[in-house]
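Biologist: I'd like to learn how to read this model one feature at a time. Could you give me the general idea first, and then the case here?

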Amino acid sequence: MAEPVLVINCGSSSIKFGLFARAELDTPMLTALAERLGEEFPHLIIHGDPELRKDLPAGADHRTALQAFMDAAAHVLHDLQGIGHRVVHGGELFHDSVLLNDNAIEQLESLSSLAPLHNPRNLLGIRLTHELFPDTPQVAVFDTSFHQTMDPQVYLYAVPYQWYEQSDVRRYGFHGTSYRYVAAETARRLQKPLSDCNLLITHLGNGCSACAIRAGRSVDTSMGLTPMDGLVMGSRSGSVDPGLADHMHRHDGLDYQQVMTDLNQHSGLLGLSGISNDMRSLLEAEAAGHTEASRAINVFCFRAARELAALSCSLPSIDAVVFTGGIGEHAAVIRQRILAQWRSIRFCLSDDLNARHGDDNGRISLPGTPLVMVVPTHEESMIAQDTFRLISTGARYE
Ligand SMILES: Nc1ncnc2c1ncn2[C@@H]1O[C@H](COP(=O)(O)OP(=O)(O)O)[C@@H](O)[C@H]1O
Ligand SMILES: CC(=O)OP(=O)(O)O
Ligand SMILES: [Mg+2]
């Protein structure tokens, strides 16, 4: 058997795994998903050998899920050529994917506070696999890399310039590996070179963002210094007035750390509804008449539309609006409600195509109206591609 690459994609509420042979990046030998981590009913599903569905203990975290996968799949995890990890924040230190060594891992640790729901978990995966496979090369693929093409006028905040020069305060953008995949896949479906494509893509998962792609390159995106900015997310607030921290301190005595924890973990869909961070649960609750669920969903949809409309400023024209991520790919009614909020463009979805999550090309809009598509993301495939590439060049981080 060809020596495969194992990919580990730690998201904020899920871990996705893939085992890839070099020649088959579109069709992994094995895939696995651990989801609803930290919630009441987390579970692990493996497709391949073994075929497995296993409930994890209530509240199970990323560590438990990683270990459960490693135990269940141990018999296929041999002769690995490499292991590719999603790492969310690369900061100013990492502009492209990198073969990891102790020095790179140490540098990564310094970025953890900028993505507290992600980088520590990404490092957990790196450390665990290093213990299990000490001689196997490991590669980090960063969410931030794809957005390196943004111009200074886009990535600079209007704060004292020394903050950028001395403390790397700027907008970085995230979900870049997803945008890289979805942009290329959309171009393929449109039968156009990527360099001719102007796209607005929104990645709606537990973390949510949107990206303007001009001539195939990221020119603006909704997330900033950290993955808290922009859209409303599962448990993150998205953009808020920075004056809010001072207000909550004076009014309720919250210290800065508490405000940050609340904005990261107790806000977004969860904070607004008091029910769940998961859109599936909220749609069920809304159908059962819970107005708190509707409140959260309405804010989510309005804010997504507003960010998309704002990002459209960066594009000379829009070839397609594209939905991806767990919500973007599976929640037809959310796609419809977001576009209904964007009143300056008259989107006309086909109810039938939207309910089916798109025709063969992912189109969900009626012919002759602005093109809207659903294109499933495949971050794992991009990470596998970079992992094979870096292993063959062998260039290590200095
Ligand atoms: N069938 C579905 N209908 C509505 N929302 C869904 C569905 N499946 C997944 N989701 C949403 O997608 C989220 C997970 O998205 P995903 O992109 O896989 O996660 P992560 O951000 O952890 O990588 C869930 O939290 C849930 O809100
Ligand atoms: C960057 C980010 O929010 O990632 P995820 O959607 O996987 O949580
Ligand atoms: Mg994700």
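Biologist: Let's start with strand pairing: which residue stands opposite Phe17 in strand 3?

Modeller: Two strands pair if DSSP finds at least two bridges between them. Helices (H or I, at least four residues) and strands (E, at least two) are DSSP runs, numbered from the N terminus. Here, Phe17 faces Ala32 of strand 3. Strand 2 (residues 15-20) and strand 3 (residues 30-35) run antiparallel, joined by 5 bridges.

Biologist: And what is the bridge partner of Ala32 in strand 4?

Modeller: That's Ile46. Strand 3 and strand 4 (residues 43-47) are antiparallel and joined by 5 bridges.

Biologist: Before we go on, what should I know about the model and its numbering?

Modeller: It is a predicted model, where local features need pLDDT of at least 70 and side-chain atom pairs count only at pLDDT 80 or more, while totals for chains, interfaces and linings use all residues. Residues are numbered from 1 along each chain as its sequence is written, with chains lettered from A and ligands numbered from 1 in the order in which they are written.

Biologist: Okay, on to annotation. Which residues does UniProt list for "binding site"?

Modeller: UniProt positions are given in the numbering used here, feature names are shortened, and annotations may be inferred rather than shown by experiment. The unreviewed UniProt entry lists Asn9 and Glu379. They span 371 residues in sequence, yet their C-alpha atoms are no more than 7.6 Å apart, so they gather at one spot.

Biologist: Is Asn9 buried or exposed?

Modeller: The test is a count of other C-beta atoms, placed from the backbone, within 10 Å of the residue's own: 20 or more is buried, 12 or fewer is exposed, and in between is partly exposed. Asn9, in strand 1 (residues 5-10), is buried because it has 23 of them. Glu379 sits in helix 15 (residues 379-393), and it is buried too, with 26 other C-beta atoms within 10 Å.

Biologist: Which residues does Glu379 touch?

Modeller: Contact means that two C-beta atoms, placed from the backbone, lie within 7 Å. Leaving out residues up to four places away in sequence, Glu379 touches Asn9, Arg86, Thr177, Ser178 and Tyr181. On the same terms, the contacts of Asn9 include Arg86, Glu379 and Ile383.

Biologist: Helix 15 again, then: where is Ala384, and how is it packed?

Modeller: Ala384 is in helix 15, and with 27 other C-beta atoms within 10 Å it counts as buried. Its C-alpha lies 6.7 Å from that of Phe20, although 364 residues separate the two along the chain. Beyond four places in sequence, Ala384 touches residues including Val5, Val7 and Phe20.

Biologist: Now the ligands. Which residues come nearest to ligand 1?

Modeller: A residue is near a molecule if its C-beta atom, placed from the backbone, lies within 6 Å of it. Ligand 1 has 16 residues around it, and Gly11, Gly205, Asn206, Gly326 and His330 come nearest. Helix 10 (279-287) and helix 12 (325-330) are the elements that give two or more residues to that shell. The largest share, 4 residues, belongs to helix 12.

Biologist: How do the residues around ligand 1 divide by class?

Modeller: Ala, Val, Leu, Ile, Met, Phe, Trp, Tyr, Cys and Pro count as nonpolar, Asp, Glu, Lys and Arg as charged, and the others, Gly among them, as polar. The shell of ligand 1 has 3 nonpolar, 11 polar and 2 charged residues. For ligand 2, the split is 3 nonpolar, 7 polar and 1 charged. Among the residues around ligand 2 are Ser12, His118, Asp143 and His175.

Biologist: Which residues have the most contacts inside the largest nonpolar core?

Modeller: A nonpolar core is a set of buried Ala, Val, Leu, Ile, Met, Phe, Trp, Tyr and Cys residues joined through C-beta atoms within 7 Å. The largest one has 91 residues, and Ala65, Phe69, Ile201 and Val322 have the most contacts inside it. Helix 11 (residues 291-311) contributes the most, with 9 residues.

Biologist: Last one, backbone oddities: which peptide bond is cis?

Modeller: The one from Asp49 to Pro50, with omega near 10°. Pro50 is in the loop between strand 4 and strand 5 (52-55). Also have a look at Asp79, whose phi is near 55°, a positive value in a residue other than glycine. Asp79 belongs to the loop between helix 1 (62-73) and strand 6 (82-87), and it is exposed, with 10 other C-beta atoms within 10 Å.
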